[in-house]
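The exercises below are meant to be worked through with the structure in view. Try each task before reading the solution that follows it.

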Amino acid sequence: MNVKRTGTLAGRKIALLTRYGDAGPSSRLRFHQYVPALEAAGAQVRAEPFLDNGYVERFFASGERSRSAMARGYARRLAAIIRGRADLIWVEKEAFPFLPGIFERAFAARGIPYVVDYDDAIFHNYDLATSPLARQILGTKLDPLLARAALVTAGNDYLADYAVSHGARQVIDIPTVVDVGDYEVVEPVDDGQLRIGWIGTPGNAIYLAPVVEAINRLSNRLRLRLVTIGAGEVPGLIVPHDRYAWSAQTQAMHLGQIDIGVMPLVDSPWERGKCGFKLVQYMAAGRPVIASPVGVNQQIVQSDVGLLATSVDDWMTAIDTLARDPVRRRTMGRSARAAAEMRYSLQATAPRLVDAFAEVLATAR
């Protein structure tokens, strides 16, 4: 990664209280990939994950949620906070997941300036919990953490608005981004098939339902192929399916094989908090996109990089439109890559983050 020189953090110690080690997507993208930029600005950085990489690997392999691993996580987090040795703490989402707000309040009272990051609407686990008791106990648990934060970094406006309405004094927009240097733009395969790509976790593959129905309906007049990375099996699909396991080393290569990237979503509070990272990946690969107009997707998908679709009929129209116009696909793909470089790249956001941290530390001092 090459980023421009920016503010100094010389000699400052920054602790990252992440949810996961670097095997966890949110922690890797929102925290760990910024460590080189923070260190280049002079900071000494240490990461203190709540859950280790072993937990993440077991979860993705089998869906296991280990209670003993959670217990160890609380002990690990408490020890990290007691050690304290930092000039600035950067917290992923919350200090103590699923515990009442008194624990967040105790953390906030430590006296060390801290920054809180949100890339998902995790607060809806609490304020929209199905249990009335859980809503009563946990519904406002994040308020003391937000109110005393020196800064909140938010992945989109929905998350930023929540932070402000719950007491945050300063919020900046830091989208979830890619290192564009990892994504080589290659020419699509020209064999008469249209490859529609999706990347994500098996649990999120449920969102593909309207795309699968649209593809199936179009299959009698278009040669379509679905390419998935990380999805597992896709029930009900009748067109050819190229299925790849997710890997940090191969994901960009596989995205270079698709013609169009898709991000279907349902419109609910949780989905409005998503940061559109799939779209950013497709765009970095130089591919046009089709997405549901939910949350930040509406900002990312401008008319020069892709199309928006709500109903199955909309998805059919969007896929059919781009399938029949390879020139438009190439033009959109070039615009998509340019937008990724300008707005959704590590190269663009890292200097902003370093400057924001430098300002927090200068103000605290």
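A residue counts as buried when its relative accessible area is under 20%, and as exposed when that area is over 50%. The structure shown is a predicted model.

**Exercise 1.** Determine which residues of helix α9 are buried, and on which side of the helix they lie.

*Solution.* Begin with the extent of the helix: α9 covers residues 157-165, and within this stretch L159, A160, Y162 and A163 are buried. Next consider their directions around the axis; because these residues cover an arc of only 160 degrees, they are on the same side of α9. The general background is that an α-helix has 3.6 residues a turn, so residues three or four places apart point the same way. Then turn to the face directed away from the buried side, where the exposed residues D161 and S165 are found. Finally, ask what the buried residues meet: they pack against the strands β4 (114-118), β5 (151-154) and β6 (171-173), as well as the helices α6 (124-127) and α8 (143-147).

**Exercise 2.** Describe what is found at the N-terminal end of α9 and just after the helix.

*Solution.* At the N-terminal end, N156 acts as the cap, with a side-chain oxygen placed 3.0 Å from the backbone nitrogen of Y158. Just after α9, the residue to examine is G167, which takes a positive phi of about 110 degrees.

**Exercise 3.** For K93 and F98, find the loop that holds them and decide whether each is buried, partly exposed or exposed.

*Solution.* Most residues other than glycine have a negative phi. K93, which is not a glycine, nevertheless has a positive phi of about 75 degrees, and F98 likewise has a positive phi, near 70 degrees. K93 lies in the loop between β3 (88-92) and α5 (101-108), and the place of F98 is also in the loop between β3 and α5. The last step uses accessibility: K93 counts as buried because its relative accessibility is 5%, whereas F98, at 44%, counts as partly exposed.

**Exercise 4.** Work out how helices α13 and α16 cross, and which residues make the contact.

*Solution.* Two packed helices are described by the angle and the distance between their axes. The axes of α13 (residues 277-284) and α16 (residues 326-343) come within 7 Å and cross at roughly 115 degrees, and the crossing is left-handed. From α13, the contact is made by V280, M283 and A284, while α16 contributes A336, R337, A339 and A340. Sorting the residues of this contact by character gives six nonpolar, no polar and one charged.

Terms used. Residues numbered from 1 in each chain as written. Predicted model: local features only at pLDDT ≥ 70, side-chain atom pairs only at ≥ 80, totals over all residues. Heavy atoms only, no water. Buried < 20%, exposed > 50% of the residue type's maximum accessible area, 1.4 Å probe, protein only. Helix = DSSP H or I, 4+ residues; strand = E, 2+ residues; numbered from the N terminus. Arc of directions from axis to C-beta. Contact = heavy atoms within 4.5 Å. Polar contact = N/O pair within 3.5 Å; in protein donor to acceptor, adjacent residues only side chain to side chain. Axes fitted to C-alpha atoms, helices over the stretch in contact; angles between N-to-C directions. Left-handed = near helix turned anticlockwise from the far one by under 90°. Nonpolar A, V, L, I, M, F, W, Y, C, P; charged D, E, K, R; others polar.
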